[in-house]
Amino acid sequence: MHPDIEIHTKDVVDWVTSTYLERTGKIFRDPDRGIRSLYQRGFLQKISKGIYKYDPQYAQNKQQQDFTSTQKKEILRRDGYKCVICGASRENGVELHVDHIKPKDMGGLATIENGQTLCSQHNFLKKNLKQTETGKKMFIRLYELAKKENNQELQDFCIKILNTFEDFNINGHIEWRK
């Protein structure tokens, strides 16, 4: 594979399956799982659903993507030892995590600028989503709750935020119903 080429899953599946058969004489039973495994281990970057990128530089340096203990201390200090989303801290009995804003498997580097302090709840909620995906999903949930509680002021606020996502075509793949 050539560096910096976007790869569609079907093309990779076909290539992997035929190459495996050619080299081993056996049928590769689950190429999608193999591709997912390469992605999860940091050899491929996910560009969008079903599209992966192989960058040899990225794959070779994947071990350097974790924050050092010095970086973690600096990020925690910069963020005031509080979750940047809810403000919870260890004083509240909350476990804090140092998280990549742009996830590692999407090319996020272990830099102080790409780090943030999150409580365990918000870190697990974020998963491997981009920051804007997490935000949009949170506002959709908040909007649905406001509708259920008949809180018009909160609904109007969420609509303004969610319309901004739409106006700038941010995360259009995440739909919400007005």
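Leaving aside neighbours within four places in sequence, which residues is Phe165 in contact with? Select Phe165 and display its surroundings: beyond those sequence neighbours, Phe165 is in contact (heavy atoms within 4.5 Å) with Thr132, Gly135, Lys136, Ile170 and Asn171.

Before going further, note that this is a predicted model, in which local features need pLDDT of at least 70 and side-chain atom pairs count only at pLDDT 80 or more, while totals for chains, interfaces and linings use all residues. Residues are numbered from 1 along each chain as its sequence is written, and side-chain values use heavy atoms, with hydrogens and water left out.

**The cores**

Keep Phe165 selected and add Ile140, Tyr143, Cys158, Leu162, Ile174 and Trp176, and you have the seven residues of the largest nonpolar core. Such a core is a set of buried Ala, Val, Leu, Ile, Met, Phe, Trp, Tyr and Cys residues joined through side-chain atoms within 4.5 Å, where buried means under 20% relative accessible area, exposed over 50%, and partly exposed in between, with a 1.4 Å probe and protein chains only. Two elements, α6 (131-148) and α7 (152-167), each give two or more residues to this core, and α7 gives the most, with three. Helices (H or I, at least four residues) and strands (E, at least two) are DSSP runs, numbered from the N terminus. Select next Val13, Ile35, Tyr39 and Tyr52, which are among the five residues of a second, separate core.

**The aromatic pair**

Return to α6 and α7 and select Phe139 and Phe157, which form the one aromatic pair found in a search of the whole structure. Rings of Phe, Tyr and Trp (its six-membered ring) pair if their centres lie within 6.5 Å, with planes under 30 degrees apart counted as stacked, over 60 as edge-to-face and the rest as tilted. Here the centres are 6.0 Å apart and the planes stand at 55°, so the pair is tilted. Phe139 lies in helix α6 and Phe157 in helix α7, 18 residues apart, and the pair thus links distant parts of the chain. Phe139 is partly exposed at 22% relative accessible area, and Phe157 is also partly exposed, at 43%.

**Two loop residues**

Most residues other than glycine have a negative phi. Select Asn150, in the loop between α6 and α7, where phi has a positive value near 60°; Asn150 is exposed, with a relative accessible area of 64%. Finally, select Tyr81, in the loop between α4 (69-78) and β4 (96-100), where phi is again positive, near 55°, and where the residue counts as partly exposed at 42% relative accessibility.
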